[in-house]
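Let's take a walk through this structure together. Have the sequence and the 3D view open, and look things up as we go.

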Amino acid sequence: MVGSPVLFVAIPLLAAFLIPLMGMIWKEFVRIIPGLVLAYMLVLSVSLIIYIQSHGTIVEVISGWGPPVGINLVFSPFSGALTTLMTFLGLLVWLYSHKFKRNVDYEPAKKYFILLMLMVTGSVGMVLTGDLFNMFVFIEIVSISGYGLTSFFVRRDSAEAAFKFLLMGAFASSFLLIGIMIIYTQLGTLNMAEIAQRMPQMDYHMKVFSLIFILVAIGVEAETFPLNGWAPDVYTQAPGPISAAMSGIVVKAAVYANIRIIYTMYDLQGAYEYLLIIGLITFIVAETAALKQERLKRMLAYSSIGQMGLAMIAFGIGTKEGVYAALFLMFSHAIIKSLLFFSGSYLVYNKTSKYIKHVNGMGKYLPITAFLFTLGAFAIIGLPPFMGFWSKLALLSAAADSNLVILVAVILVVSIVEAVYYLRVVNRIFFFKKRANTKPEKPTINAMIAMLSLAAIVLVIGFYPDLVTGLIERAADDLMDKGRYIGEILSKN
Amino acid sequence: MEKYLDILEIAIYGSAVALILIGLYGALTKKSLIKIVLGLSIMDSGIHLMMIALGYLKGGTAPIFSKGFENSADQMVDPIPQALVLTAIVIGFGVTAVALSLVIRLYRHHDTLRIDEIKNLKW
Amino acid sequence: MKKYIVLGLLAVLGYYLMSIFLLVDFGLPHFAHGVKDVYLSSSKNILKVSNAVTAIVVNFRGFDTLGEVTVLFLSATAMSGILYKKRHDIGERSILFPASSIIRSGAKMLFPSITLLGIYVFIHGHLSPGGGFQGGTIIATGFLLMLLTYQNYSVSHNRLVWVESVAGMLFVIIGLAGYFMKGSFLENVLPVGELNDLFSGGVIGIIYVLVGFKVAAELIGIIYTILHEKG
Amino acid sequence: MNVIFLILILFLVGAIVTAFAGKWSSLLQDGLFILAVTIPAVLFFTQVEMNQLVGWTRGGIHLELGLTPFSYFFAILVLLLGVASAIYSVGFMHGKARKSYYYFNYLLTIMAMLGILFSRDFISFFVFWEIMTWASYLMVVMNGTRTQEIGIKYFVFSAIGAYAMLMAIVLIHAQTGNFLIQDFIDTYPSLAHGRQILIPILLLVGFSVKAAVMPLHVWAPGSYAYSPMSFTSVFSGALSKMGIYGMVIVFVTLLSHLPEGGLIRDIIAWMGAMTAVIATLWAIAQDDARKLLAYSSVGQLGYIVIAVAIGTPMAMLAGLFMAFMHGLFKGALFMVVGAVEKQTGTTDFTKVTGLIRKMPWTFLTALISIIALAGIPPLGGFIGKWMLYESLILSDHYLLVIVAFFSSTAAFLYAYKFLFGFFLGQEEEEWADVKEAPITMLIPMLALAVGSILLGAFPQLILKPINNGLISLGFSDSYGKLWETSTLFNEWGDKVVLQPIIYAIMGVFLTTLAFTYFRNRKRTRYVSTKDISTSGEIPLAHENLTFKENFFQPFLRAVEPVMKKQIDWYYREFGAGLEAIFNFTRRIYSGNGQTYALYAVIFLIVLLLLNGNLFGQ
Amino acid sequence: MEILQYIFGGIITFLLAFVVGMTFGGTRRKIIARIQNRYGPPIYQNFIDAFKLFSKTSAVHHGAMHYMGPAFLMVSSVVSLMFIPILRDGGWFPNLNFHGDLIFLLYMMVFGSLGMALGAGQTGNPNSAIGVTRGLAQMVGYEIPWIMALVAMMIQFHTTSITGLMDVQLQSGTWNLFASPFAFVAAILASLGMFRYAPFNIVGAPAELASGPASENGGKYLFTMMSSHSVFAFVKLTLFADLFLGGAGNLVELLIKTFLLYMIPVLYGVVNPRYRTEQAVRWFWGWPTVFGIIAIAYAVWST
């Protein structure tokens with residue numbers, strides 16, 4: 001055993017409590033320790049992923065009480081793959097913001113890095129936990145650190161965005177509590193595996209009501225359509241790396257929660273259709289809203305929402321191919337959208353308004369950044385031979401295999417809209433004259449490394465997708481096999 | 001006794017739902033940011049009340065094995081909702097604190113507390 | 001207009017909520033094989049903790065409590081981040097009018113007893129109703145009283161940081177000790193003692209004390225941050 | 001490593017190396033660029049074996065590459081134009097901005113086209129197709145003028161096509177379980193009837209976009225006109241033929257099994273005919289050489305589409321032969337425009353006149369290519385047209401003959417306009433010191449022109465590979481029946497003997513020329529075009545009397561009703577409408593946090609109201 | 001030897017065409033003059049003009065295309081001539097007709113216009129270019145009924161060869177004029193434009209354009225143009241005779257038939273005012289095209 005899933009939570013918390021003390025010794029510690037912790041988490045998750053290849057899913061028991069009595073953490077191929085992705089992105093976000101301009105002040109830097117680290121931890125916890133209420137706690141950890149990070153920049157309208165986020169988040173947590181309590185009163189347990197096992201005994205109406213409350217609650221974090229009003233504002237106003245972390249880490253965790261609940265806990269067929277319909281609406285509304293945006297990050301935000309809608313559609317197909325496609329989409333979207341947020345924030349660096357027109361002519365002044373943005377744009381449109389193509393292909397062929405011809409057509413038509421708004425920006429970067437009052441800002445070396453490594457992944461996976469498809473396929477198998485999940489956890493008792 | 005229990009049921013659940021609805025009403029219609037935050041708190045209270053009520057056992061005692069109650073486990077109310085409520089209260093407190101600090105920031109920035117005037121970010 | 005729409009919506013929502021809750025029989029056991037019975041019996045027989053709620057909060061679902069503490073820590077951090085200003089921008093504490101002498105002397109008298117009550121509550125968390133959160137809050141109330149009464153009363157920021165950091169770290173370290181010694185995070189590593197004894201329940205009491213300190217420190221920090229906001 | 005991979009990788013590596021070589025030396029970059037095209041071309045013609053399959057796997061999908069005789073024919077066109085235009089590009093891009101960018105995308109485009117021809121499965125086909133699309137998109141926007149309009153339009157239509165194709169591909173995968181083209185062709189007859197119709201139509205939409213068939217052609221004029229001329233010769237000459245390539249395969253292998261196949265073919269043929277007519281009319285109305293040629297390309301592609309859609313053996317031969325010829329002469333013509341642009345800085349007919357004495361070789365290329373374009377014997381263009389008309393009449397498509405002939409005749413108008421606009425008319429002071437284009441630009445141009453002449457006399461040079469390709473697709477051997485060395489037959493036994501015609505034409509031409517030229521040689525002198533007898537007055541040196549505004553106004557007035565609105569206009573209105581709707585959708589995000597919360601509550605209540613219906617048991 | 005025979009035959013054919021075309025042209029001038037109540041020039045006036053032009057020497061030229069233009073024109077006329085059977089059995093006028101067909105001829109016939117246009121273009125005279133554009137536009141107009149008539153014939157008789165069409169008429173014993181009357185009407189109406197006599201003479205209208213494409217040309221250039229026009233007129237008339245009137249067994253028959261055909265455009269022109277270009281184009285796309293469509297329908301129906 002190389003480590004334990006519980007360290008994903010314990011070590012960052014220890015570090016978080018330690019940082020204020022270490023900061024009194026040497027101020028640089030507040031920047032270095034989170035990086036070390038995130039790096040450790042990445043190493044840990046990679047080694048655990050390798051471990052479970054041969055030894056099977058790890059079910060970690062906490063405080064000595066096996067499920068369903070105690071809380072447990074599950075490191076399965078599915079949650080493990082997501083954990084690896086999240087910790088990797090977390091590390092890159094840390095790297096990108098290591099020398100972030102505002103962080104010269106000690107106090108904000110401390111806050112920023114603690115919140116960032118705990119946001120990643122919370123997301124990882126959401127993915128790993130096997131207990132419903134524990135998931136609620138982790139969702140709150142993620143949300144509160146999200147509020148703090150969103151309003152990090154004092155001069156922008158960031159507080160407004162954070163307040164909207166908070167309002168929605170508060171509603172969501174209330175609804176989630178109601179949903180959890182309905183389940184508890186019916187089944188008397190909070191362990192997800194046991195809930196899943198005993199779900200058939202539950203009264204049908206209670207089942208539906210609890211699912212509705214939980215879906216609405218998690219839908220807020222997962223950016224499903226009518227609940228995602230906060231998302232564009234938050235993405236626009238949060239610091240660039242935080243936007244990347246939001247779309248790459250937090251939302252992924254929320255979608256995970258959504259999927260775990262629908263696929264594993266409940267046995268309602270209609271829930272898949274719900275995912276399909278809501279995902280489709282989210283996708284269409286977000287992509288069409290993105291078309292006429294004037295601010296770069298807001299446009300990226302809508303695109304991000306749209307991509308998550310796509311992932312939900314893929315989950316809603318309900319077959320193994322669909323799950324495979326959805327996981328692939330989540331993976332590629334996390335990587336590509338982070339690349340876009342990273343490079344996009346430098347393209348509109350100096351302006352707080354972040355209008356798209358500020359990128360005019362930046363191709364000449366920031367050639368590498370502009371190139372990386374273009375790469376990301378091409379990849380997210382789904383042009384081969386970049387990474388986005390393979391995931392889109394997987395989605396479409398999964399839909400076609402399930403005979404959803406209309407769905408394929410709609411997705412493709414809306415994808416054209418997506419291509420249009422991305423290419424408009426790319427054209428501006430390279431072929432428009434620079435506006436007189438914009439000053440290009442060269443990326444720091446750390447940011448450059450982060451962006452280049454993301455771009456390398458986009459290219460390498462694009463040319464050789466086999467690097468990740470095996471992993472994703474195992475994860476999809478894992479998710480589809482509900483009986484094994486229940487058995488593995490409850491046998492630990 | 002049975003009759004009173006029915007009344008009690010309606011009274012407790014009714015007040016929990018009423019709190020939730022009052023909180024929602026406040027959060028959805030009041031213009032002042034402070035009142036919205038208050039609404040959220042009220043809604044939380046309603047939910048906490050509901051949670052506790054759901055764990056109630058007819059004629060039950062507190063789930064504490066103090067002297068004389070060592071063997072009355074069957075008579076104890078469900079302790080789990082109480083534990084959950086504890087967590088939920090703390091989390092609700094944390095959210096409220098952050099919300100209030102955001103309200104302060106917004107007031108600093110916009111010089112107003114009316115939520116319909118704070119719409120710099122839209123579309 | 002909006003009000004009426006909202007009212008209509010809430011009427012529907014209320015109808016559904018009520019119908020959900022009325023499906024749950026009030027005051028009757030709702031389910032057959034819940035974990036509740038395991039908790040009660042284990043708390044009495046294995047952990048020797050008389051307050052089952054404490055046993056759940058600190059041991060069975062101790063992980064939640066760790067998260068809870070983290071949430072508090074986060075909201076304190078987030079608050080100070082949100083309200084952060086450069087040093088010269090920080091204003092004076094806003095007090096509308098000075099407290100009267102009755103209040104001042106009363107506060108001085110009440111403060112030690114409030115603190116003592118708080119300490120009692122979290123030390124006896126595993127025996128009687130109460131615990132770390134409750135006790136910490138009571139202590140913070142005492143400090144709030146002092147801060148409101150005395151314009152010049154101040155708490156050392158560094159000391160608060162120390163208390164909360166060390167308390168939090170010890171919590172995690174105790175958890176890790178369980179992990180390394182017994183193979184499971186937060187598992188009890190100390191002898192459990194006898195039911196209804198002060199020194200019973202192993203690490204549960206210790207953790208609750210730590211939580212008490214941490215909660216107190218954080219709440220004081222939060223109050224302090226808001227008090228320093230210009231009116 | 002297999003040579004097919006080697007060729008593709010050489011292109012890719014060449015593209016990257018060439019793009020970066022510009023940092024050190026411009027000359028090195030030019031040299032590397034030409035090598036990066038020619039070495040794979042040589043490898044292709046010497047090393048690649050026919051019908052040899054190479055399998056590989058990506059993302060768990062089995063892929064295959066290989067060369068068939070049919071794709072071999074297209075590869076000839078691609079590599080011929082690719083090499084010629086590459087040499088030309090070196091001259092054309094000399095001293096221009098974004099040279100590395102140009103070279104990179106150029107090589108990628110050529111690679112992608114070869115990749116398409118090599119692909120034996122749908123995924124590699126699609127991958128290369130999209131690489132081709134975005135690489136050429138980057139070329140279209142390269143000049144930086146009207147990128148948001150022309151470039152986006154090109155990309156949107158390409159995306160419509162590509163996504164239609166992708167939809168067909170995933171539907172195919174749902175039917176066969178893999179992506180191999182051959183497997184699909186084998187299982188096609190046993191599919192459900194709905195799929196049997198849907199899949200070919202989707203594929204045809206995909207290919208029609210690149211082949212610029214009528215309702216999907218609106219991207220073409222702008223894109224051809226605004227990409228660099230040296231690339232446009234490949235773009236219009238070879239890249240658009242990829243659409244034809246795909247269409248032929250769909251027609252031959254799929255639609256022949258379908259009862260409705262004939263109807264679909266006729267519809268496509270009529271769309272091609274409409275394209276030919278409308279594009280020709282618009283070409284006549286243009287005042288810019290680039291746009292004129294762009295519309296002309298669309299029109300010429302219309303003929304090719306007619307021919308391949310009719311699909312008799314002779315029509316196929318005609319269509320593919322015309323495709324090849326179009327590559328030659330349109331490639332050369334775009335190069336001519338490029339040369340004029342390079343030397344004068346403009347391509348506007350109303351600005352440039354009288355270059356014939358300044359740029360004689362360019363004019364010669366233009367003349368030969370225009371004659372080939374107009375389909376006038378004895379050049380190669382005629383042979384394609386002849387076969388087209390014969391096959392149309394033989395297959396009872398009488399009205400199509402009329403339409404095709406009309407647009408072919410109308411093509412004379414713009415053909416004349418092109419020659420007159422640049423080269424004839426009065427010589428102007430402004431262009432007095434214009435020089436002939438550099439030698440690197442002249443050689444490829446003249447080579448392509450010579451190709452046009454050669455194919456007029458010896459069409460078998462290219463008809464033979466076409467025939468081999470068609471046999472490999474399952475056609476009967478029409479080689480012996482339809483043509484022998486320099487003789488063309490139709491099925492009624494009528495024939496055209498090419499060589500005596502050429503001798504006759506040359507003989508008469510030279511005799512007359514001798515008659516007019518030699519007797520006068522001693523005593524005639526050249527006088528400038530200012531020395532004319534218009535109204536008895538001699539125009540001053542700075543006066544330009546060349547007739548250039550409203551060139552074909554009378555004719556355009558005659559056809560006015562057809563040209564009132566461009567199809568483009570409908571698309572623009574449609575697009576504007578869509579954008580307005582989308583602009584409305586984003587108003588959902590009103591900016592008021594409370595409203596968002598209200599949405600959440602409404603959503604919750606709607607779900608609660610729907611409960612049983614949504615989550616059925 | 002055969003080649004020499006061809007060349008010799010070609011020269012003889014050319015001379016015949018030249019003489020006939022010139023004479024017809026002179027006749028036309030005379031007829032028009034008489035109708036307009038003038039005396040008019042003698043019938044041989046065209047020969048006098050040609051001889052005058054031939055013996056003049058040109059002092060200037062405007063560049064290569066300038067003298068290649070008339071050569072193109074000549075190529076078009078002569079090669080077309082060589083592909084048309086003058087008499088049914090060849091005889092003195094050997095040619096290449098068994099090699100060619102109607103489609104080839106169609107393209108060969110427009111080749112001249114384009115060459116001429118190029119030559120006119122290089123002179124730099126705006127009137128030439130204006131004339132050329134009008135001419136080309138008009139050509140697009142009349143080609144429609146013309147190709148319709150030809151396609152109708154091809155459909156009806158299953159051949160695209162001129163000799164083939166003549167054989168058909170010989171075998172059935174009836175002229176195509178009667179076998180496919182609508183095609184004949186369409187073709188004749190198209191021929192009005194082909195001859196460019198009034199009312200379709202806007203191309204070279206002397207009063208407006210200083211004789212259009214031909215301006216700036218004098219001396220031998222004009223001679224070449226004039227003679228090729230004459231030859232071309234003969235080519236067209238012979239083609240019509242071959243296609244619709246069963247060809248000619250001997251020279252006299254040929255001359256009668258061609259003269260009768262020639263009178264149609266001449267006489268039509270006399271009584272009509274000049275059309276503007278777009279009017280002309282629209283005119284051709286009116287009734288002549290309708291006849292063409294009827295001809296095709298008739299052909300499809302009758303096979």
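The paragraphs below start with how the chains touch, then turn to single helices and strands.

A word before we begin: this is a predicted model. A good place to start is the question of which chains meet. There are 7 pairs of chains that touch, and the pair with the most contacts is that of chains D and E. Some chains do not meet at all. Chain A and chain E share no contact, and their closest C-alpha atoms are 40 Å apart. Chains B and E have no contact either, with their closest C-alpha atoms lying 54 Å apart.

Let's look at the meeting of chains D and E. Here 69 residues of chain E and 60 residues of chain D take part in the contact. On the side of chain E that touches chain D, the elements that give two or more residues are β1 (60-61), α3 (64-82), α4 (102-122), α5 (126-157), α10 (219-244), α12 (277-284) and α13 (287-302) of chain E. Of these, α5(E) gives the most, with 18 residues. Sorted by class, this side of chain E holds 40 nonpolar, 21 polar and 8 charged residues. Strands also link the two chains: β6 (residues 525-526) of chain D and β1(E) run parallel and are joined by 2 bridges. Within this pairing, Y526(D) stands opposite H61(E).

Chains A and B offer another contact to explore, with 23 residues from chain A and 23 residues from chain B. On chain A, the helices α5 (132-150), α6 (158-187) and α9 (230-237) each supply at least two residues to the side that touches chain B. Which of them gives the most to that side? The answer is α6(A), with 13 residues. The residues on this side of chain A comprise 14 nonpolar, 5 polar and 4 charged.

Stay with chain A and find helix α1, which covers residues 7-25. Its 19 residues reach 25 Å from the first C-alpha to the last, close to the expected 27 Å. The helix α1(A) has a bend of about 40 degrees at I19(A), and the proline P20(A) follows within four residues. Among the buried residues of α1(A) are F8(A), V9(A), I11(A), L13(A), F17(A) and I19(A). What covers the buried residues of this helix? The cover includes α2 (29-55), α3 (77-97) and α4 (106-128) of chain A, and also α4 (62-82) and α7 (157-182) of chain C.

Two pairs of strands round off the tour. In chain A, strand β1 (residues 58-61) has both faces covered: I58(A) and E60(A) are buried on one side, V59(A) and V61(A) on the other. This strand pairs with β2 (residues 72-75) of chain A in the antiparallel sense over 4 bridges, and V61(A) stands opposite N72(A).

Compare that with chain D. In a regular strand, side chains alternate between the two faces of the sheet. Along β2 (residues 61-65) of chain D, I61(D), L63(D) and L65(D) point to one face and are buried, while H62(D) and E64(D) point to the other and are not. Its antiparallel partner is β1 (residues 54-58) of chain D, with 5 bridges between the strands; T57(D) has H62(D) as its bridge partner. The two strands form a hairpin with 2 residues between them, and G59(D) in the turn has a positive phi of about 55 degrees.

Finally, step back to view chain D as divided into domain 1 (261-499) and domain 2 (565-614). The C-alpha centres of these two domains lie 49 Å apart.

Notes
Residues numbered from 1 in each chain as written. Chains lettered and ligands numbered in written order. Predicted model: local features only at pLDDT ≥ 70, side-chain atom pairs only at ≥ 80, totals over all residues. Expected span 1.5 Å × (residues − 1). Bend = angle between axes of the 7 residues up to and from the residue. Buried ≥ 20, exposed ≤ 12 C-beta atoms within 10 Å, placed from the backbone. Contact = placed C-beta atoms within 7 Å. Domains from an automatic or database assignment. Nonpolar A, V, L, I, M, F, W, Y, C, P; charged D, E, K, R; others polar. Pairing = 2+ DSSP bridges.
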